[in-house]
Amino acid sequence: MPKRYEELVENNKKWAQHKQISMPEYFKKLSHSQNPPFLYIGCSDSRMPLDTFTQTEPGEMFVHRNIANQVSLTDINFLSVLEYAVNVLKVKHIIVCGHYRCGGVAAAYEGKVKGLVGNWTNPIRELVLDYHSELNGIEDLEQRLDRLSELNVIKQVENLYRTNIIQHALIDCKVCFKIHGWVLDLKTGLIKELELPIDQWKAKGLVPMEVIV
């Protein structure tokens, strides 16, 4: 693990040299264009580089990250990323990925966050209230927070379906992409794919009935 700033540049040179030797055309192809099949929406946590966990290369995953992997319907930055990924890059999969032991989730649960971060994570605080009975039924605090991380991911996937971008795309092309909810377990390095309440969302009108997801 790099301890000095200079090591970052040194490591970059070593990596670039290795790639150039093992794959002479690598950077030439990489510089031409991008055509990633995946849009990844994840947490800013430094332990969450999904390209490492999924063994993907540069150019294979379009990425948006923020604290506690929120899908905010008023975040122009996020909406711009989503619009570009769906309408221009034509990604085939959209992944919302949270993780267990998430500091943003824990802080929101405890209700101790102030300032801008407090405002940003307030939707998670609302989840705590909405799922009060279920969460309080889990005695172990760590397991309770893990479940809150899962509920947060599911809620953010629901928010994705609420965007005009996704709504119009689903109507226009029916099955042009699939949306997934993931939670990464930092204790094992393994991804858990969550079961999404698609039928409930169809009943609400968030997902067109004819769309296969």
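Cys-102 turns out to be buried, with just 5% relative accessible area. In this predicted model, the sulfur of Cys-102 finds its closest cysteine sulfur in Cys-43, 4.2 Å away, which is too far for a bond. A disulfide needs the two sulfurs within 2.5 Å. Cys-97 tells a similar story: its relative accessibility is 0%, so this residue counts as buried too. Its closest cysteine sulfur also belongs to Cys-43, but at 9.1 Å that pair is again too far apart to bond. Searching the whole structure turns up zero disulfides.

On to the pockets. The largest one holds about 260 Å³ of space. Its lining is made up of 13 residues, and those nearest the centre are Tyr-131, Ile-154, Glu-158, Pro-197 and Gln-200. Three helices, α7 (122–130), α9 (141–162) and α11 (198–204), each put at least two residues into this lining. The top contributor is α9, with five residues. Sorted by class, the lining of the largest pocket comes out as six nonpolar, six charged and one polar.

The second largest pocket offers about 210 Å³ of space. Met-23, Glu-25, Tyr-26, Lys-29, Leu-30, Ser-33, Gln-34 and Asn-35 are among the residues lining the second largest pocket, and Glu-57, Pro-58 and Gly-59 line it as well. Here the class split is four nonpolar, four polar and three charged residues.

Notes. Residues numbered from 1 in each chain as written. Predicted model: local features only at pLDDT ≥ 70, side-chain atom pairs only at ≥ 80, totals over all residues. Heavy atoms only, no water. Buried < 20%, exposed > 50% of the residue type's maximum accessible area, 1.4 Å probe, protein only. 1 Å grid on protein atoms, 1.4 Å probe; cavity = no way out; pocket = protein on both sides within 12 Å on 5 of 7 lines; lining within 4 Å. Points joined across faces, edges and corners; volume = space filled by probe spheres on them. Helix = DSSP H or I, 4+ residues; strand = E, 2+ residues; numbered from the N terminus. Nonpolar A, V, L, I, M, F, W, Y, C, P; charged D, E, K, R; others polar.
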